[in-house]
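This note sets out points for a colleague who will read the model alongside the sequence. Each point is kept short so that it can be checked against the coordinates.

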Amino acid sequence: DKLEISKFELIQSCAFNLFTLLSPGLEVCAVEIMSTILFHPLFYKEIPVSSFESKNRESHFTSHARNLLSSSIAKLTLIKQIYLEYLQQTTLQENTLSRSIVWFKCNPVLNNTLLLPSYTGPIIPVDWPYIPLIVEYSKSVNSDLEITNGTTLSNILHYLILLEHCHGDIISTTCTPATARLTRIMCAFLIGSDLFLEPDIHSCLSSLLHHFSSLSLDFTFVIPGLPSFHDLYSSLLEQFAAVSYGDQLFSIYIMLPLQQKHSSSFRKAFWFDYSHILRIITLTHTQLSLSVDSFLYPIEQEWDLLEQYLRVLASGTLHTERNPFLFLIAVHHIHSFIFHEEAEQNGESIGIENERTKEVIVKRQT
């Protein structure tokens, strides 16, 4: 008889918690947990599709998204091998794993002590599901190292989809905060030159974007392994300028830190340092998985940004037909500043409320 779904979730939760608490000498236990529980299809396929929809109502799960989850489950055996290889490169190295096996066999001929090593912290980091992305991103920074192929990257992203959509509650308590997890996923755009354009990888990144768009993000959060998110964001903007071809999905990812609630340093980097990419961002507000109001309110108070908005509009860098969403952002903040009024946040704010402002700017562009 099959266990009830609630019991599956309890076992999975215990396994995830225990996995990141194992001390040195217990490497063999880590491999056993990975081999028997963490990647077992039973802990994913028994979760009904309805639970995905209830947890991700904002994402509007489609049949394509459900097919993506089914495809991810089918790849679990291969994904397990990929993760074992990456963890053996980083934390479960062969010599320590061999000693751990000897200790558990309690064979005095092979081992002169049965004492475990001194405790220096858990052997598995809490963000272990994202280690492969971190490793590949580090390789991409070092041009002398060969990066992975698209198939491996795709399989890694498939597993992250399963974790986030099927066991989001477990991941949020046992793994790093949502912002740090999203940051790791953003590194996928920096692996290789344009691997993110491969259809399967692109589809996975799209699904993950919908998921994280519904979570609370704080880009001032200190992310382990990164001096600051600002450095990574600059790398993303450079990559977008170099190889994105104006890709809509990549455009939405780089728009995330531009919401008004986040630091103005990201908006300044985008509008000033990388103003040459504005022309190729052709997003409309209907393509976003975010609230449009989050880019319009609170009203911009930074004088240098307001000047830049006016500059790119007057110069024709942005056009209402080619760059409708960026055009809306710039006109909205300039309008609010010029006429000293804040539009009511009542659902009508996605339009350009003062047609006089729009007409003046469009006339100036022509």
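1. Helix α15 covers residues 264-273, and its buried residues are S264, F266, R267, A269, F270 and W271. The cover over these buried residues includes α13 (229-243), α14 (248-255), α17 (303-314) and α18. The model is a predicted one, and the comments below should be read accordingly.

2. One of the buried residues of α15, R267, forms a salt bridge with E300, in which the closest N and O atoms are 2.9 Å apart. R267 belongs to helix α15 and E300 to the loop between α16 and α17, so this pair ties together parts that are 33 residues apart in sequence. Both partners, R267 and E300, are buried.

3. What surrounds Q260, in the loop between α14 and α15? Leaving aside neighbours within four places in sequence, Q260 is in contact with R267, S294, F295, L296, Y297, P298, I299, E300 and H333. Both members of the salt bridge between R267 and E300 are thus among the contacts of Q260. Q260 has a relative accessible area of 10%; the limit for a buried residue is under 20%, so Q260 counts as buried. A polar atom of the Q260 side chain lies 3.0 Å from the backbone oxygen of P298.

4. P298 deserves a separate remark. The peptide bond from Y297 to P298 is cis, with omega near -5°. P298 is placed in the loop between α16 (293-296) and α17, and both Y297 and P298 are among the contacts of Q260. As a general matter, most peptide bonds are trans, and most residues other than glycine have a negative phi.

5. A second backbone feature is found at Y245, in the loop between α13 and α14. The phi of Y245 is near 55°, a positive value in a residue that is not glycine. Is Y245 buried or exposed? Its relative accessibility is 70%, and Y245 therefore counts as exposed, the cut-off being over 50%.

6. Helix α18, which is among the elements covering α15, runs through residues 324-338. At 1.5 Å a residue, its 15 residues should span 21 Å, and the end C-alpha atoms are 21 Å apart, in agreement with that expectation. Of these 15 residues, 12 are buried, so α18 is largely enclosed by the rest of the structure. The buried set is F325, L326, F327, L328, I329, A330, V331, H332, H333, I334, H335 and S336. H333, one of this set, is also in contact with Q260.

7. Which residues form a nonpolar patch on the surface? The patch consists of W303, F337, I338 and F339, which together have about 390 Å² of accessible area. W303 lies in helix α17 and, with a relative accessible area of 48%, is partly exposed.

8. Six salt bridges are present in the structure. K268, E302 and D304 are linked in a network of them. Elsewhere, the side chains of E136 and K139 meet in a salt bridge at 3.4 Å, N to O. E136 and K139 both lie in helix α8 (residues 131-141), three residues apart, which is about one turn of the helix. E136 is buried, its relative accessible area being 1%.

9. A further salt bridge joins the side chains of E164 and R181, at 2.8 Å, N to O. E164 lies in helix α9 (residues 150-166) and R181 in helix α11 (residues 178-186), so this pair ties together parts that are 17 residues apart in sequence. E164 and R181 are both buried.

10. Some values for the whole chain complete the note. The chain contains 19 helices and zero strands. Of its 366 residues, 51% are buried. Among contacts with a separation of 6 or more, 79% are between residues 24 or more positions apart. The area exposed by the chain is about 17,200 Å², of which carbon and sulfur atoms supply 54%.

Note on methods. Residues numbered from 1 in each chain as written. Predicted model: local features only at pLDDT ≥ 70, side-chain atom pairs only at ≥ 80, totals over all residues. Heavy atoms only, no water. Helix = DSSP H or I, 4+ residues; strand = E, 2+ residues; numbered from the N terminus. Buried < 20%, exposed > 50% of the residue type's maximum accessible area, 1.4 Å probe, protein only. Contact = heavy atoms within 4.5 Å. Areas by Shrake-Rupley, 256 points an atom, 1.4 Å probe, with all protein chains shown as cover. Expected span 1.5 Å × (residues − 1). Patch = residues over 30% accessible without salt bridge, like charges linked within 9 Å, V, L, I, M, F, W, Y side chains within 5 Å. Salt bridge = Lys/Arg side-chain N within 4 Å of Asp/Glu carboxyl O. Polar contact = N/O pair within 3.5 Å; in protein donor to acceptor, adjacent residues only side chain to side chain.
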